[in-house]
Amino acid sequence: MAELFMTKYGDKKIVIVGLGLTGLSCVDFFITRGVIPRVMDTRIVPPGSDRLPDDVECHTGSLNAQWLMNADLIVISPGIALATPELQAAADAGVEIIVDIELFCRVATAPIVAITGSNGKSTVTVLVGAMAKEAGWQVGVGGNIGVPALELLKKPCQLYVLELSSFQLETTYSLKAAAATVLNVTEDHMVRYPKGLSQYRAAKLRIYDQAKVCVVNALDELTWPIESKSSGYIRFGVDSGDYQLDSEHQQLVVNQCPVLATRDMQLAGQHNYANGLAALALADAVGIPREASIQALRTYSGLDHRFQVVHMRNGVRWVNDSKATNVGSTQAALSGLKVEGTLYLLVGGDGKAADFAPLKPYLSASNIRLYCFGRDGRQLAQLRPEIATLTETMEQAMREIASRLVAGDMVLLSPACASFDQFSGFEHRGHEFARLAEELG
């Protein structure tokens with residue numbers, strides 16, 4: 001494998017754009033194969049710069065256009081848009097630009113399960129990994145979640161399970177997934193995609209290129225391949241599809257055969273049952289024994305900050321769904337949600353130029369009260385002004401809510417927005433919610 005790599009890259013000038021964990025994994029990938037890359041980052045002191053070997057040149061504070069133009073290969077952080085003028089100029093000059101996932105796909109030998117979607121992809125990725133582990137398989141789980149993909153190459157694996165973002169898929173060409181899915185497509189990252197939802201969707205659908213099996217959402221046509229080039233095409237959904245949730249009897253059904261009652265799952269919520277079905281379809285597609293997958297569905301309790309009950313007292317549930325950083329994710333949280341008392345819904349933050357209108361039908365119930373905060377709080381309050389309270393911060397909203405709570409109520413943080421206007425990330429926002437829930441509850 002190293003010999004093949006050296007044949008392709010050994011005499012090339014490599015530039016890595018963007019440090020952090022992913023950038024460092026790229027540096028290590030090349031150095032262990034005898035290639036010394038150059039590194040640049042627009043931040044003055046990028047994370048990980050202190051861990052660079054002495055013989056790696058590093059330019060910080062801006063993009064070095066000369067390095068880019070002189071490169072044979074540029075490996076960019078997924079967060080840096082191809083439309084960045086310096087990168088566009090290099091691309092126009094014929095310089096190849098890829099992300100770490102493309103490097104990974106060129107050398108990985110084990111089958112890959114590839115997962116994307118606007119929402120739920122982290123849950124499904126970790127769940128498929130849990131199914132493989134339950135079966136005793138050596139599995140590497142990473143990509144857009146947790147471990148950078150290139151780090152997974154350092155240990156033997158029978159299967160790779162990768163969460164992939166639209167940003168990563170834009171410059172990945174060699175992915176030949178054993179099974180791939182687009183879980184759903186709703187507006188997100190519209191600043192990155194000026195041509196709108198169709199441009200964002202096109203990036204997501206690249207995951208199906210050369211895939212052996214496509215797993216699609218039966219109820220979301222935007223997840224279907226425009227032209228299916230795969231030999232398999234499997235559907236999952238609520239009351240629809242090969243893998244479906246029988247909502248009347250509350251059970252997971254595969255090809256009309258019940259396999260698990262939802263009451264026997266740790267995961268809760270209709271959207272999570274759909275995630276479980278998608279994971280099961282992917283696991284079946286790559287030959288993970290069904291009994292291991294069902295056992296994982298019984299025991300997997302979900303991700304932090306994803307519809308997580310963080311406090312329950314006096315009949316009131318406080319639910320942290322801080323990872324709901326876009327409209328579609330909040331829609332998923334509200335879909336099919338039944339609350340005995342009043343639902344106090346916390347929304348707000350940086351909406352990333354999204355259209356909030358699709359949330360309006362989910363706010364029509366008589367027992368919902370809307371609490372809006374942060375940069376786009378005022379815009380969210382306009383969805384239903386008569387039930388909305390506007391505050392500057394999440395904490396102010398939670399303190400107002402606390403005095404009104406009675407048994408049967410739920411306080412749900414499902415913000416539909418990114419957190420960076422007031423927090424360091426969705427994790428920080430979720431931890432603050434949990435801390436305040438404990439104090440106020």
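This text leads through the nonpolar cores of a predicted model and then through a sheet towards the C-terminal part of the chain.

The description begins with the interior. The largest nonpolar core comprises 63 residues, and within this set Ile74 and Phe104 touch the most other members. Its residues are not confined to one domain: at least three come from domain 1 (13–98) and at least three from domain 2 (103–299). A second core, separate from the largest one, has 40 residues, among them Val113, Phe236, Leu277 and Ala278. The surroundings of Phe104 can be given in detail. When residues up to four places away in sequence are left aside, Phe104 is in contact with Ile112, Ala149, Leu150, Leu152, Leu153, Tyr160 and Leu162.

Attention now turns to the sheet. Six strands make up an open sheet with mixed pairing, and their order across the sheet is β15-β16-β20-β17-β18-β19. At its edges lie β15 (308–313) and β19 (388–390), each of which pairs on one side only. Direction ignored, neighbouring strands of the sheet are turned against each other by 20° on average.

The pairing of the edge strand β19 can be followed at residue level. Strand β18 (residues 368–373) runs parallel to β19, and three bridges join the two. One pair is formed by Tyr371 and its bridge partner in β19, Thr389.

An annotation from a record covers this part of the chain. In an unreviewed UniProt entry, residues 305–417 are listed as "domain: Mur ligase C-terminal". In the model, this span is 19% helix and 27% strand, and its end C-alpha atoms are 14 Å apart.

Conventions:
Residues numbered from 1 in each chain as written. Predicted model: local features only at pLDDT ≥ 70, side-chain atom pairs only at ≥ 80, totals over all residues. Heavy atoms only, no water. Core = buried A, V, L, I, M, F, W, Y, C linked by side-chain atoms within 4.5 Å. Buried < 20%, exposed > 50% of the residue type's maximum accessible area, 1.4 Å probe, protein only. Domains from an automatic or database assignment. Contact = heavy atoms within 4.5 Å. Pairing = 2+ DSSP bridges. Helix = DSSP H or I, 4+ residues; strand = E, 2+ residues; numbered from the N terminus. Axes fitted to C-alpha atoms, helices over the stretch in contact; angles between N-to-C directions. UniProt positions renumbered as here; feature names shortened; annotations may be inferred.
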